[in-house]
Amino acid sequence: MQRIHTQTEALNQLSVCFLPNIMKKHNFSAGPSILPQSVFEKASKAVLNFEDSGLSILEISHRSKEFLNVIEKARTLALQTAGLDDSYEALFLHGGASTQFLSVPYNLLKKKAAYIDTGTWSSKALNEAQLFGNVAIIASSKADGYKYIPKDFNIPPDADYLHITTNNTIYGTQFHDIPNTNIPLVADMSSDIFSRDIDYSKFSLIYAGSQKNLGASGSTMVLVKKDILGKVSRKIPSILDYQNQIQSESMFNTPTTFSVYVNLLVLQWIQEQGGIKNIEKRNKAKAELLYNEIDRNPLVEGYAAKQDRSLMNVSFFLKDPSMQEKFDTLWKNANISGLKGHRNLGGYRASIYNAMPIESVQVLVDVLQEFEKNS
Ligand code: PMP
């Protein structure tokens, strides 16, 4: 009782802290990244007292009925959000998207797989696949610094699957047209999952690390069409075996319980926003606001080819690198955080994921305009 008493006191203190603008920074970080304020609040409360159980979400058993309820709801809501029927399963696994680079070929590659190389992450994915069989890189924009999404490619009909990275977090490009295929389509959607209203049933397997549009780092969501599984003859280690994970309902070993709970909160938040259609509208408005300024402002230039620009990660450079210090001081003074570009590319990158309010994008636009005025 003493303990609950202490938690109640802590909760009371917490509610005092929950003033509207607790997050004073405009966080443009690429991931882990901004999440909805309501998710931060609910997750904080659950750390102290999960659904009035007198226990923290961090200490409840993954086999408890409370947690089983969390993961079951998260799996159902994930499929519902994607508009997928019960021919698919939703899994919440360990190991980040990087483990999926390996699990995908382990489970699906018999002889040959096709990959489109659109950046660092797709290149890492195809490197792992090469451990398992023949990999046909059917298109690549590597020679042009991954500035665009290749449009001209032939999908070999004898490949076991085609793998694409729908959004290239580092370079700021995105597939706006999803390829039509007669073979299973597999996608790394780590940085644009549930950001737009696309036909998710075009994909036989989708994976996404949580730490951008889905929640806290830790869990990795996999949406998989069951009929593509069980076709390889190799033995698959249990933890990487999708069929085993489906059978175990993502509970083959201890799941990343807190991260899965945050997944549930984020999926519920998406529903509260009116679903992906509304989210997409907002994402388009944010991206348009920022790209318009980048195109207008004579001191900066966008990196990605215009027709392939990402709605999630906006990469840009200063035309005159000697002005870097001045620009950095301006955005830091405006309480902006996480604007530095990825170390592979340099420059700047504004990640404007689902939870980023348009008001924060406006702050960055104002900074860019002030930069121009003062230069
Ligand atoms: N794919 C994409 C598109 C990414 O942006 C990232 C990392 N940000 C990864 C894969 C690797 O994810 P993880 O760190 O979860 O392994």
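## Two sheets and the helices around them

Helix H8 (residues 276-296) lies across strands E11, E12 and E14, and its direction makes about 15 degrees with that of E12. That is a good place to start exploring this predicted model.

The three strands beneath that description belong to one open sheet, ordered E11-E12-E14 and paired in the antiparallel sense. Strand E11 (300-302) and strand E14 (348-351) are at the edges with a single partner strand each, so one side of each has no neighbour in the sheet. On average, neighbouring strands here are turned by 30 degrees against each other, direction ignored. If you look at E12 (residues 313-318), you will find four bridges linking it to E14 in an antiparallel pairing. Within this region, Val314 stands opposite Ala350 of E14. Helix H9 (residues 324-333) also packs on this sheet, where it touches E12 and E14 and makes about 20 degrees with the direction of E14.

Now for the other sheet. It is open too, with seven strands in the order E2-E10-E9-E8-E5-E3-E4 and mixed pairing. Its edges are formed by strand E2 (88-93) and strand E4 (134-140); each has a single partner strand, so one side of each is left without a neighbour in the sheet. From one strand to the next, the twist averages 15 degrees. Strand E8 (residues 185-188) pairs with strand E9 (residues 205-209) in the parallel sense over three bridges, and Asp188 stands opposite Tyr207 in E9.

Helices pack on this sheet as well. Helix H3 (residues 65-82) touches E2 and strand E10 (220-225), while H4 lies across E2, strand E3 (112-117), E8, E9 and E10. The table gathers the helix directions relative to a strand.

| Helix | Strand | Angle |
|---|---|---|
| H8 | E12 | about 15 degrees |
| H9 | E14 | about 20 degrees |
| H3 | E2 | about 125 degrees |
| H4 | E9 | about 160 degrees |

H4 has a helix partner too. How do H4 and H5 pack, and at what angle? Helix H4 (residues 96-108) and helix H5 (residues 120-129) pack at about 40 degrees, with their axes 8 Å apart. H4 is therefore oblique to H5, and their crossing is right-handed. On the H4 side, the contact is made by Phe101, Leu102 and Pro105, and on the H5 side by Trp121, Lys124, Ala125, Glu128 and Ala129. Sorted by class, the contact of H4 with H5 has six nonpolar residues, two charged residues and no polar ones.

Notes: Residues are numbered from 1 along each chain as its sequence is written. This is a predicted model: local features need pLDDT of at least 70, side-chain atom pairs count only at pLDDT 80 or more; totals for chains, interfaces and linings use all residues. Side-chain values use heavy atoms; hydrogens and water are left out. Axes are lines fitted to C-alpha atoms, for helices over the stretch in contact, and angles run from 0 to 180 degrees between N-to-C directions. Helices (H or I, at least four residues) and strands (E, at least two) are DSSP runs, numbered from the N terminus. Angles under 35 degrees count as roughly parallel, over 145 as roughly antiparallel, 65 to 115 as roughly perpendicular and the rest as oblique. A crossing is left-handed if the near helix is turned anticlockwise from the far one by less than a right angle, and right-handed if clockwise. Contact means heavy atoms within 4.5 Å. Ala, Val, Leu, Ile, Met, Phe, Trp, Tyr, Cys and Pro count as nonpolar, Asp, Glu, Lys and Arg as charged, and the others, Gly among them, as polar. Two strands pair if DSSP finds at least two bridges between them.
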